[in-house]
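Visitor: I should like a close look at a single part of this protein, namely its nonpolar interior. Please take one residue as the point of departure and work outward from there.

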Amino acid sequence: MLNNQHGAEESAVEVINPTGWGGVLLICEHASSEIPARYGDLGLRPEWRQSHAAWDPGALALSKALSAALDAPIVASRVSRLVYDCNRPPEAESAMPVRSEIVEVPGNVGLTEAQRKERTDSIYRPFCAAVTEMIAKGPRVLMSVHSFTPVYFGEMRKTEIGILHDSDSRMADLMLENAGALPHRCIERNQPYGPEDGVTHSLKLHGIANGLANVMLEIRNDLIRDEGDVTTMSQELLSMIRPALEALPGAGEGGRNA
């Protein structure tokens, strides 16, 4: 059973490459489709258990590829976002959604205050604590890695790579300045989601509040289906990320506090 100690073997959060010194901290809030046994199956139809509603397919694999290239730690949730979405604050209804696109989540209907608090305390707060612990090591940049479904409510999405930001657009601006290196990709700012959709919670809480340049990467999940796809996409993203890191004020200062 998952528990609320992020250092434990079966915790709700996993920290990968915790000693990375590259100056970037990667977070992957939707890395897993795992539903802890204490929540049953949330009443989900079997086909929805591994769908994009339950997690971000390919996001963790992509995070690991970027981690290896940038020597960056990763903080990843090990629990499905249908149990608790770690990119949402506890007061948000979407933190424990009763519906995600066309997916109904019966196990989230009518949750009591105590039930919501249990999920917040056992899943969200350990994730936040792990991010805070890694931020204390002194990264300059926070990157949140996500994937999105190609078809949403029956409509095909043209966006392939979304570069998302909230009020701090430093990293997004610099990455988009290098989007011309990928002329074959449809790369867009704040698509297919933006701040108005409530998706920048982690950027605000962990990035902006700590003075870190920050960005969210949204990759269409049909582009990161296997190892080869992930390798290709990571290299493409790095063609925007590396110049952006070099151009940020403070480049070359190192990845941890003195």
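**The core around Met171**

Guide: Leaving aside neighbours within four places in sequence, Met171 is in contact with Val141, Met143, Asn214, Val215, Ile241, Ala244, Leu245 and Leu248. The model is a predicted one, with an average pLDDT of 92 for the protein and a score of at least 70 for 93% of the residues.

The setting of Met171 is the largest nonpolar core, which has 40 residues; Met171, Leu237 and Ile241 are the members that touch the most others. Several elements supply two or more residues to this core: the strands are strand 2 (24–28), strand 3 (74–77), strand 6 (141–148), strand 9 (161–164) and strand 11 (213–220), and the helices are helix 1 (59–70), helix 3 (170–177) and helix 5 (227–247). Helix 5 contributes the most, namely 8 residues. Another core lies apart from this one; it comprises 36 residues, including Trp48, Val75, Val83 and Leu164. In soluble globular proteins, nonpolar side chains tend to be buried together.

The surface offers a further nonpolar grouping. Ile102, Tyr152 and Phe153 form a patch there, with about 280 Å² of accessible area together. Tyr152 belongs to strand 7 (residues 151–152) and is partly exposed, its relative accessible area being 30%.

Two segments call for caution. Residues 1–9 stay under a pLDDT of 50, and the model has 25 contacts beyond four places in sequence for them. Residues 252–258 likewise stay under 50, with 14 such contacts.

Key. Residues are numbered from 1 along each chain as its sequence is written. This is a predicted model: local features need pLDDT of at least 70, side-chain atom pairs count only at pLDDT 80 or more; totals for chains, interfaces and linings use all residues. Side-chain values use heavy atoms; hydrogens and water are left out. pLDDT is the predictor's confidence in each residue, from 0 to 100. Contact means heavy atoms within 4.5 Å. A nonpolar core is a set of buried Ala, Val, Leu, Ile, Met, Phe, Trp, Tyr and Cys residues joined through side-chain atoms within 4.5 Å. Buried means under 20% relative accessible area, exposed over 50%, partly exposed in between (1.4 Å probe, protein chains only). Helices (H or I, at least four residues) and strands (E, at least two) are DSSP runs, numbered from the N terminus. Patches are made of residues with over 30% relative accessible area and no salt bridge: like charges are joined within 9 Å, nonpolar side chains (Val, Leu, Ile, Met, Phe, Trp, Tyr) within 5 Å. Accessible areas come from the Shrake-Rupley method with a 1.4 Å probe; for residues, only the protein chains shown count as cover. A salt bridge is a side-chain nitrogen of Lys or Arg within 4 Å of a carboxyl oxygen of Asp or Glu.
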